[in-house]
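Thanks for coming, everyone. I'd like to walk you through one model today, so let me put it up on the screen.

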Amino acid sequence: MQTLLMHLNTNNDMFKLNLTIALRNLWKNKTSSMINVSGLAIGLASCMLLLLYVSYEWSFNKQTKDDKNVYQVMINFDGPAGSISGTGTSTPNTIAPALKETYPAVKAASRIGDADTRLIANGRNSFKKIGRFADADILKIFDYTFIAGDEATALNAPNNIVVTASTAKLLFGTTDVLNRSVRFEDRVNLKITGVIRDLPDNTSIKLDYLMPWTLFENLYEWTKRPMWTNNNWTTLVRLNPDANAEMLNASIKGMIKKHVADATSSPMIFPFSRVHLYGTFTEGKSTGGEIEQLRLFMGLAIGILLIACINFMNMATAKSEKRAKEVGIKKTIGATRASLISQFLIESLVLTLCSAVMAIVLVEVFLPLFNNLLGIKMNIVYANPYLWMSLIGIVLFTGVVAGSYPAFYLSSFNPLQVLRKRRSGRGMWSVSLRQVLVVVQFTFAVILIISTTVIYRQIQYLKNIPLGYDVNQLVELPQDGQLEAKFELLKERLMKSGAIQGICQLSGSMADYNSNFWGMEWPGSTETDRHMVFSQLATTYDFAKTTGLKLVEGRDFSRQFSSDTSAMMLSVSAVKVMNLVHPIGKIVKYQGDLRRVVGVFQDFIWGAPYRKQDPMVVAFRKEGTGYVTLRLNPANTPSANLAVVERIVKDINPAYPVEFKFVDELYGQKLKSQKILGLLSNIFGGLAIFISCLGLFGLAAYSAEQRTKEIGVRKVLGASVANLMQLLSLGFLKMVVLAIVIAIPVANYMMNSWLKKFDFHTGISWMIIVMAAIGTIAIALLTVSYQAYKAAKANPVDALKYE
Amino acid sequence: MIKLQNIEKYYAAKGLKSYILRHVSTTINQGEFVSIMGPSGAGKSTLLNILGMLEEPTYGTYEFMGEDVTSLNERKRIELYRNHIGFVFQAYHLIDEMTVAENIEAPLLYKKIGSAERRSRVADMLDRFNIVGKKDLFPNQLSGGQQQLVGIARALAAQPSIILADEPTGNLQSAQALQIMDLFKKLNEEENITVIQVTHSEVNAGYGSRILHLLDGVIKEDVNLSESLKP
Ligand SMILES: Nc1ncnc2c1ncn2[C@@H]1O[C@H](COP(=O)(O)OP(=O)(O)OP(=O)(O)O)[C@@H](O)[C@H]1O
Ligand SMILES: [Mg+2]
């Protein structure tokens with residue numbers, strides 16, 4: 001017992017001594033230690049931020065208990081010959097009740113309205129917040145945490161409202177607001193029957209307050225009608241745990257067609273937690289989505305950490321050569337290999353630990369900025385065990401990997417070897433390993449430089465693709481209630497007000513692809529041509545004038561030609577695929593009617609900007625339009641214009657809220673994920689390059705220091721500063737050049753396959769590659785030559801005095 | 001204490017064996033003070049390294065304290081280093097990052113000696129070598145002679161039964177060298193520590209009791225001073 005205690009004690013003392021030595025070493029090489037620790041910290045912080053983002057996206061819509069049983073109803077649209085031409089997330093208002101009624105597997109089903117900001121007020125204290133209408137079942141689908149109120153009955157009466165804690169605080173200054181009254185949209189008073197905890201940021205169903213669907217139907221009479229083909233709302237369902245989604249899908253497929261014989265849509269349920277990341281559908285099957293980008297970020301995170309680890313390892317091994325002597329001496333005075341291994345490992349773990357602490361601080365400091373850039377709200381949940389597990393895992397991994405070279409390699413030496421030749425630690429193997437690591441690091445950095453540039457250029461390119469119409473000052477609003485019947489009045493009053501320059505009604509939004517069809521016939525069309533898919537918009541007058549669409553041939557629909565009520569316009573690509581040589585005046589059979597082509601317009605971007613646009617038909621139709629599109633008068637400020645418009649619209653259509661949307665903003669949304677990719681790859685690509693250079697800087701400093709004696713001797717022998725700088729820089733330069741040579745084809749391949757996803761894309765010009773190469777060499781040279789210069793300028797006597 | 005039998009050491013280069021040591025056989029008893037002499041390249045350091053188990057002979061047997069140590073496993077060798085052998089190097093080989101006191105203490109830590117005992121031994125050594133005032137300095141703050149004193153103090157702290165020293169005074173001025181030699185002699189005589197040193201200096205060798213003359217890897221002469229030359 002006594003000896004055991006003593007044994008532990010001496011071990012402990014040894015540990016303390018080793019730690020002291022480690023700290024002295026750190027202090028003695030302050031610059032390199034700083035470089036080492038902060039480089040790793042930056043790498044760790046970058047990795048953490050990226051992984052935080054990845055996990056944010058990954059856990060999207062997964063906060064609910066048993067989220068696996070929650071499904072979103074999607075709508076598949078028929079294409080030609082039994083195919084599916086598209087899949088949408090908007091559903092009719094009939095699906096949820098029908099599903100719940102008919103299928104026992106469906107435990108709960110709810111319609112959920114749009115996430116519009118609507119006015120909510122406590123007396124004069126009023127705010128525009130996201131209010132959603134939903135069936136009471138939503139509370140069975142999600143497990144919102146009720147701070148107050150009864151989950152079972154909260155949404156049961158039409159004049160109930162459930163608010164989030166922060167909404168309650170905003171309105172009343174407290175969450176103790178049960179049974180208080182709020183006024184909604186200045187139209188009805190609602191009784192607060194529930195206060196729920198704020199929702200996480202990464203959910204598709206964001207809301208600040210929740211109201212019963214029955215209220216929606218009371219406020220907006222038209223929504224009471226069962227509409228099987230009017231896709232306007234979100235539908236979510238929760239299945240029983242033992243339900244078979246496959247089978248359910250098979251049986252609900254014909255649901256809409258059963259009610260509306262000529263319907264072209266069929267519902268399908270899809271896991272709600274997958275909608276966000278796997279939301280790209282072809283032929284009604286998920287074929288990926290944001291997940292691809294997420295994988296890219298994961299790769300970036302690991303890559304940056306790797307770069308930082310390589311730095312750390314390189315510096316550790318470089319320094320350990322200097323410590324070969326220490327190893328040799330310790331061995332001759334009785335150190336075991338195990339004690340040396342543990343000493344080096346502990347040292348590197350202490351360093352990594354410092355870096356980790358610094359990284360957490362960095363993440364905390366930069367997280368708000370990062371959130372701001374991405375427009376999201378992430379935070380570090382310190383109570384999350386996974387966070388700590390992964391952090392400890394990373395620290396252990398980095399520490400062990402970085403410390404393993406000195407630990408295992410140096411400790412294996414025969415003491416005589418290390419003591420006799422001063423630099424025996426610098427065997428062939430270690431030098432070439434370090435060179436390999438530097439090459440790997442810079443390869444990654446160069447790949448990043450090239451990729452970031454290509455991504456940036458592609459985004460610029462997409463931004464600059466001509467839209468085909470003038471998106472600025474263009475505003476649209478849903479053509480609800482009276483706006484359809486009283487459209488002419490609306491038009492007259494708005495035009496007279498001077499707030500707008502043009503107005504037209506459209507069957508869908510200008511900013512989003514929303515309708516297509518097939519089965520059109522035209523002079524010379526064949527049977528297979530009937531399967532050709534066209535996109536379609538219906539409108540009345542002034543379409544081209546309002547949107548600024550360019551007409552290539554013919555004219556816009558016009559009142560001067562009464563026959564225009566059964567006319568149509570074709571896009572340039574439609575004319576091309578239809579093989580019409582002289583399109584104007586041709587008679588085309590569209591949706592069963594014969595129509596005359598009066599105009600041909602330049603294709604405009606309706607769907608994704610990077611996709612080829614489908615050939616398009618714009619037909620004249622008075623009924624069933626859904627949007628009013630306005631061109632504001634640029635002579636006034638937009639807000640002044642909108643105030644006027646709002647007053648007039650409200651006057652004509654008092655029952656509905658006025659919901660403007662700027663088309664350019666809607667359009668901007670389309671490139672959101674590309675922009676995030678661009679942003680993140682810029683930031684973290686830059687950081688990766690910075691960390692690489694930091695490593696190079698440290699290595700150059702070390703190499704210069706290690707060669708002080710050689711430099712001194714050479715100087716005494718008459719070498720010039722330039723000679724010496726060349727001597728010191730050349731080796732590093734060679735590695736960087738090798739990295740560039742490796743990186744170019746890899747980056748080229750990667751970026752080419754990335755660009756292939758876009759129908760419209762830039763190429764990878766030689767300029768980019770040459771610039772990346774020159775830039776990298778320049779940065780590396782700058783980094784190295786500073787150290788080389790310092791070493792070369794030093795007084796040789798100082799260098800030779802030692803030894 | 002040491003028994004070498006037919007030790008040979010050669011390096012094979014391009015198929016040619018170049019012998020460093022040939023047929024070296026000798027016995028060194030506890031309490032002897034042996035100097036190994038000979039021209040440069042004769043194999044003195046090699047012999048000492050073999051004695052210190054830092055190198056293995058290509059042929060022959062080596063018994064240390066009655067045990068065959070010709071090819072010893074690492075664990076056993078470390079045991080010997082901890083308990084019996086103290087090295088003193090020409091280039092001092094102190095650990096640069098440790099203070100004087102820590103350098104002296106290091107082998108005691110490996111020997112797992114309790115802290116009280118350690119403290120008293122370190123204090124004892126500092127005292128004995130008159131370097132108490134320097135105990136918190138780092139090696140690069142000491143003169144060469146002082147560094148070698150610390151090196152010897154470190155070797156002695158673990159209370160070895162043998163000290164192996166390769167040109168311990170090679171980097172020192174003669175006055176300092178003599179001081180070191182005096183010390184070795186005293187250790188040898190008062191504490192019965194076996195000392196084996198490599199030296200080029202007849203004067204240094206004169207402090208010992210026996211000289212092995214090495215020439216081209218062969219022991220040419222084995223002179224016992226205590227009988228022939230000592231007054
Ligand atoms: N690893 C090796 N490979 C080949 N030859 C070696 C090696 N190590 C030592 N030698 C050779 O062995 C011979 C003896 O070397 P050693 O160091 O023992 O000489 P020494 O007697 O100590 O000389 P000095 O007085 O100069 O220190 C030398 O000729 C040397 O070149
Ligand atoms: Mg020698």
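Let me start with a question: which are the buried residues of H11(A)? They are Ala324(A), Glu326(A), Val327(A), Gly328(A), Ile329(A), Lys330(A), Lys331(A) and Thr332(A). By buried I mean under 20% relative accessible area, with exposed being over 50% and partly exposed in between, using a 1.4 Å probe and protein chains only. That makes 8 of the 9 residues of helix H11, residues 324-332 of chain A, so the helix is largely enclosed by the rest of the structure. Right after H11(A) comes Gly334(A), with a positive phi near 105°.

Before I go on, some housekeeping. This is a predicted model, where local features need pLDDT of at least 70 and side-chain atom pairs count only at pLDDT 80 or more, while totals for chains, interfaces and linings use all residues. Residues are numbered from 1 along each chain as its sequence is written, chains are lettered from A and ligands numbered from 1 in the order in which they are written, and side-chain values use heavy atoms, with hydrogens and water left out.

Now the overall picture of chain A. Its secondary structure comes to 26 helices and 25 strands; those are DSSP runs, numbered from the N terminus, with helices being H or I of at least four residues and strands E of at least two. Of its 803 residues, 52% count as buried. The C-alpha atoms fill a box of roughly 105 × 70 × 55 Å along the principal axes.

For one residue on the buried side, take Leu630(A), in strand S24, residues 627-632. Leu630(A) has 0% relative accessibility, so we call it buried. Thr546(A) is 84 residues away from Leu630(A) in sequence, yet their C-alpha atoms are 6.7 Å apart.

Chain B has a covered helix as well. In H3, residues 100-110 of chain B, 10 of the 11 residues are buried, including Val100(B), Ile104(B), Leu108(B) and Tyr110(B). What follows H3(B) is Lys112(B), whose phi is positive, near 60°.

While we're on positive phi, here are two loop residues. Asn179(A) isn't a glycine, but its phi is about 70°. Asn179(A) sits between helix H5 (165-172) and strand S8 (181-184) of chain A, and at 52% relative accessibility it counts as exposed. Over in chain B, Asp216(B) has a phi near 50°. Asp216(B) is in the loop between strands S9 (210-215) and S10 (218-224), and at 59% relative accessibility Asp216(B) is exposed too.

On to cysteines. How many disulfides does a search of the whole structure find? The count is 0 over all chains, where a disulfide would be a pair of cysteine sulfur atoms within 2.5 Å. For Cys47(A), the nearest cysteine sulfur belongs to Cys309(A), 8.9 Å away. Cys47(A) is buried at 2% relative accessible area, and Cys309(A) is buried at 5%.

Last stop, the surface. Val357(A), Val361(A), Val365(A), Phe366(A) and Leu369(A) form a nonpolar patch with about 460 Å² of accessible area together. Patch residues have over 30% relative accessible area and no salt bridge; nonpolar side chains (Val, Leu, Ile, Met, Phe, Trp, Tyr) are joined within 5 Å, like charges within 9 Å. A salt bridge is a side-chain nitrogen of Lys or Arg within 4 Å of a carboxyl oxygen of Asp or Glu, and the areas are Shrake-Rupley with a 1.4 Å probe, where for residues only the protein chains shown count as cover. Val357(A) lies in helix H12, residues 337-374, and is exposed at 52%.
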